[in-house]
Amino acid sequence: MTEQDQIDAVNADRLRQDPIFQKAVLDARKAALEELAEIDASDTEAIRTAQAKVKAISALSTSIANIIIRGTPQRPNPAV
């Protein structure tokens with residue numbers, strides 16, 4: 001783990017805990033899911049595009065969590 005990993009982890013954690021950011025991500029995901037639900041079932045290209053939006057928004061949360069994990073020192077295992 002580098003010093004930059006630690007800095008990135010702190011910044012990512014701040015972002016993750018920011019209520020405005022949380023609301024923006026939730027609102028964006030909700031809008032993408034609503035868009036997906038309204039697409040004609042025979043329009044496969046529009047379905048794929050909408051699914052990609054949902055996946056990208058979900059991946060943002062996963063990426064932030066991974067940055068936090070990568071930059072956080074591991075605690076020693078007390079069982080060892």
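**Helices H1 and H3 and their contacts**

Leaving aside its neighbours within four places in sequence, Asp 5 is in contact (heavy atoms within 4.5 Å) with Arg 70 and Gly 71. The model is predicted, and local features need pLDDT of at least 70, side-chain atom pairs count only at pLDDT 80 or more, and totals for chains, interfaces and linings use all residues. Residues are numbered from 1 along each chain as its sequence is written, and side-chain values use heavy atoms, with hydrogens and water left out. Helices are DSSP runs (H or I, at least four residues), numbered from the N terminus.

**Helix H1**

- Helix H1 takes in residues 3-17, and its 15 residues should span 21 Å at 1.5 Å a residue, which agrees with the 21 Å between its end C-alpha atoms; the expected span of a helix is 1.5 Å times one less than its number of residues.
- The buried residues of H1 (buried means under 20% relative accessible area, exposed over 50%, partly exposed in between, with a 1.4 Å probe and protein chains only) are Asp 5, Ala 9 and Ala 12.
- These buried residues cover an arc of only 70 degrees around the axis, which puts them on the same side of H1, where the arc is that of the directions from the helix axis to the C-beta atoms.
- On the other side of H1, the residues Glu 3 and Arg 14 are exposed.
- Asp 5, which is found in helix H1, has a relative accessible area of 18% and is therefore buried.

**Helix H3**

- H3, with 27 residues, reaches 37 Å from its first C-alpha to its last, which is close to the 39 Å expected at 1.5 Å a residue.
- Ala 50, Val 54, Ile 57, Ile 64 and Ile 68 are the buried residues of H3, and they pack against H1 and helix H2 (19-38).
- Ile 64 lies in helix H3 and counts as buried because its relative accessibility is 8%.
- Not counting neighbours within four places in sequence, Ile 64 is in contact with Ala 12, Leu 15, Arg 16 and Phe 21, while Ile 64 and Ala 9, 55 residues apart in sequence, are 8.2 Å apart in space, C-alpha to C-alpha.
- Ser 61 also has its place in helix H3, where a relative accessibility of 40% makes Ser 61 partly exposed; Ser 61 and Val 25 are 36 residues apart in sequence and 8.4 Å apart in space, C-alpha to C-alpha.

**How H1 meets H3**

- Helix H3 (44-70) is included in what covers the buried residues of H1.
- H1 and H3 pack at an angle of about 135 degrees, with their axes 7 Å apart, and that makes H1 oblique to H3.
- For these values, axes are lines fitted to C-alpha atoms, for helices over the stretch in contact, and angles run from 0 to 180 degrees between N-to-C directions; angles under 35 degrees count as roughly parallel, over 145 as roughly antiparallel, 65 to 115 as roughly perpendicular and the rest as oblique.
- Residues of H1 that meet H3 include Asp 5, Asp 8, Ala 9 and Ala 12, and on the H3 side Ile 64, Ile 67, Ile 68 and Arg 70 take part.

**The segment after H3**

- Thr 72 has its place in the segment after H3 and is partly exposed, with a relative accessible area of 40%.
- Thr 72 touches Met 1 and Ala 9, not counting residues up to four places away in sequence, and Thr 72 and Met 1, 71 residues apart in sequence, are 8.3 Å apart in space, C-alpha to C-alpha.

Note on methods. Helices (H or I, at least four residues) and strands (E, at least two) are DSSP runs, numbered from the N terminus.
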